[in-house]
Amino acid sequence: MNRRKHSRYFGPYGGRFVPEMLIPALSKLEEAFFHFRDDPGFKNELDRLLRTYAGRPTPLYFAENLTHESGWCRIYLKMEGLTHTGAHKINNVLGQALLAKKMGKTRLIAETGAGQHGLATAAAAARFGLECKVFMGEVDMDRQYPNVFFMRRMGAEVIPVREGTRTLKDAVNAALKYWIEHLEETHYLLGSALGPFPYPLMVRHFQSVIGREVKRQMRKLERRPPDVLVACVGGGSNSLGLFHPFLRQKSVRCVGVEAGGRGMKPGEHAVRFSPDGRPGILQGYKSTFLQDEYGQVLPTHSISAGLDYAGISPELAHLRERGRVEFVSVDDRQALEGLSLLCRTEGILPALESAHAVAYGARLARTFSRDQAMVINISGRGDKDLFITARALDGENWLEFLSRELSRDQSY
Amino acid sequence: MTNPIDTLFNERNATRLMTHVVAGDPDLESSLDLAERMARSGADLIEIQIPFSDPLADGPTIMASNQKALDNGTRPEDCFKMIRRLRERVSVPLLVMTYANIPYRRGGKRFAGECAAAGASGVIIPDLPWDEPLPGLRDALRNRGIHFIHLVSPGMSDDRLKTVLGLASGFLYLTLRVGTTGAASGIEPRGLEFLRKVKSLTRLPVAAGFGVSAPDQVKRLKGRVEAVIIGSHLINLRRGQGVEAVESFLHLCKSSGNGRPRPE
Ligand SMILES: Cc1ncc(COP(=O)(O)O)c(C=O)c1O
């Protein structure tokens, strides 16, 4: 076979910083990915799954009311939350699950923060008849309990991670370690554009369907490319998926929105591009990480579990250095306002992650003119956040409901 | 000057013991004391781990040790100081073990200088395979006569194995199983098979570990390897039964491993 040998690096970032014992599995995965990526049979199968199972293409919706409310440029929403399982995560999951199947694997494992990647993996495992284990920080299990419940209904085993900060970073560690112990039959279905090569490239590849659709849809709706793309950035998969097909079009601005959390003190936020974000090597890749001066990884906080992570896609770190992607941050409170804004103006309930993009997009819209167009990626829908948002936005009623529910002695 | 690791392995007819200590667990004084007692009880090489927040290759036991050490505020410079003090008390070769981000943050050259100043003879960085760069590190270590110890594991491709054998110096760190560190049940045939293969390809000394937790396992490896590595098991012993248990375990291994009695 005649494939171009791919660099493991995006500029200075990326690589494959793992113990030697993990390299055979990563090499096999790399080989399989490059073999099947352009294989017509594989592509057809994946396309069909994306259409018939995931519900693609997702709408590119002209948010007329939000546009009027913000006052300036035309705002479109890419409705990834309308996919099966409720977030963009399913795009990457179906690609990798199909690959795992081709590789003869019988078990999928995944890390999850918000639970959306875990849920998508659980669904795919059920669909493909594979065993499924999902590693999830204990803190995240509590705050995203609906997804824990749904994953279990689909037959996945949800394994609480009690080490470290008990959030996404530690779930990745646990999944990597489980993988090392069970390489033969297991595929590690990593959920964002990070980790050792080939994951960052592979995840971005499977997520690029978002940007490709937007390109086609914009051509039809506006007859020209968008002026600016806005997406929230946890690990970077929904943002890269949207941005990547547009990177060569210099007129298209790309803006990534990080989680500002409660403030800029260490441990209070997940803004990798901030003074505590430094180049580092963690979880198999070189990128920018929130860490102290000695190289110990710092705890993070965000109201949204999916953005609550100390590292970031190596490709995004590179694109930022090249000046191709800009980064901003939105704090917990602003994200809740973004959520309320979209509910009120459009009747759309975004995930808390996506609400960060909404909050910033609505503000940024004012700096554009009326004939310009913005696309905001609504990476997921907000049902999963009930326990967080209800408490934050309607605490009294919610707590009253919960205590009523606890004292009720019969099920419906 | 000859590296003490080479001096140790020049004499080929003994099976050496290599032990593992996480600096700062439960505190630096205790880990210094533990390492010193290990040397006096028969350890021939000691690996001192600089704690890291996310130790990828380590199982629950060593992970918890890393966490404990970090909770105590243990910094890399404190670990180097501890190694320096240990160096003054014992004569066995000392190795610095840590994860790539620690030398990466400090700069490879500075890290190598710190290792040299502390009197370390080797460096082990499990998440730094030979084909990934860490600017300055490998050259600086070589210039200071410190061995960068390569890990080899079952399942490696022949190509990679041959490349590593070409690059390696000091000894090879051979994992008997594919997994994280921690007490597993017994030595797997796959590990022994891999060991035989490696042995047939190189004259380099081999230190084998991962899952060694009983004197009879040491005995089984006797004659097949130049050193046996015992890590998590000793940490568990110390945690559960105290340093004396570590000492008597090492004495037992020593008699079954039949290593050279140490005039310490
Ligand atoms: C709905 C949603 N959006 C965004 C993210 C952040 O991940 P990424 O940056 O990889 O898109 C997550 C992660 O869990 C998510 O569930």
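Which residues lie nearest the centre of the largest cavity? To find out, select A:His88, A:Lys89, A:Ala114, A:Gly306 and A:Glu353, the ones nearest its centre among the 31 residues that line this cavity. Keep in mind as you look around that this is a predicted model.

**Stop 1: the cavity.** Stay with the space between those residues for a moment. The largest cavity holds about 330 Å³ of space. In the whole count there are five cavities of 30 Å³ or more.

**Stop 2: the ligand.** Now show the ligand, which sits in the largest cavity. Around the ligand are 19 residues, and the ones that come nearest are A:Ser192, A:Gly234, A:Gly236, A:Ser237 and A:Ser379. Try colouring this shell by residue type: you should find six nonpolar, eleven polar and two charged residues.

**Stop 3: polar contacts.** Zoom in on the oxygen atoms of the ligand. Start with A:Ser237, where a polar side-chain atom lies 2.7 Å from a ligand oxygen. Next, pick A:Lys89, which places a polar side-chain atom 3.2 Å from an oxygen atom of the ligand. Then switch on the backbone of A:Gly235: here a polar backbone atom is 3.2 Å from an oxygen atom of the ligand. With the protein surface displayed, look at how the ligand is covered: on its own it has 390 Å² of accessible area, and the protein covers 98% of that.

**Stop 4: the two domains.** Finally, zoom out and colour chain A by domain. Domain 1 takes in 9-53 + 89-203, and domain 2 takes in 57-86 + 208-390. Which domains supply the shell around the ligand? Domain 1 and domain 2 of chain A each give at least three residues to that shell.

Key. Residues are numbered from 1 along each chain as its sequence is written. Chains are lettered from A and ligands numbered from 1 in the order in which they are written. This is a predicted model: local features need pLDDT of at least 70, side-chain atom pairs count only at pLDDT 80 or more; totals for chains, interfaces and linings use all residues. Side-chain values use heavy atoms; hydrogens and water are left out. A residue is near a molecule or strand if one of its heavy atoms lies within 4 Å of it. A polar contact is a pair of N or O atoms within 3.5 Å; within protein, one must be able to donate a hydrogen and the other to accept it, and residues adjacent in sequence count only if both atoms are side-chain atoms. Accessible areas come from the Shrake-Rupley method with a 1.4 Å probe; for residues, only the protein chains shown count as cover. On a 1 Å grid over the protein atoms alone, a cavity is a set of points where a 1.4 Å probe fits but cannot get out, and a pocket is an open set with protein on both sides within 12 Å along at least five of seven lines; lining residues have an atom within 4 Å of a point. A molecule sits in a cavity or pocket if more than half of its atoms lie within 2 Å of its grid points. Ala, Val, Leu, Ile, Met, Phe, Trp, Tyr, Cys and Pro count as nonpolar, Asp, Glu, Lys and Arg as charged, and the others, Gly among them, as polar. Domain bounds come from an automatic or database domain assignment. Grid points are joined across faces, edges and corners, and a volume is the space filled by probe spheres set on the points.
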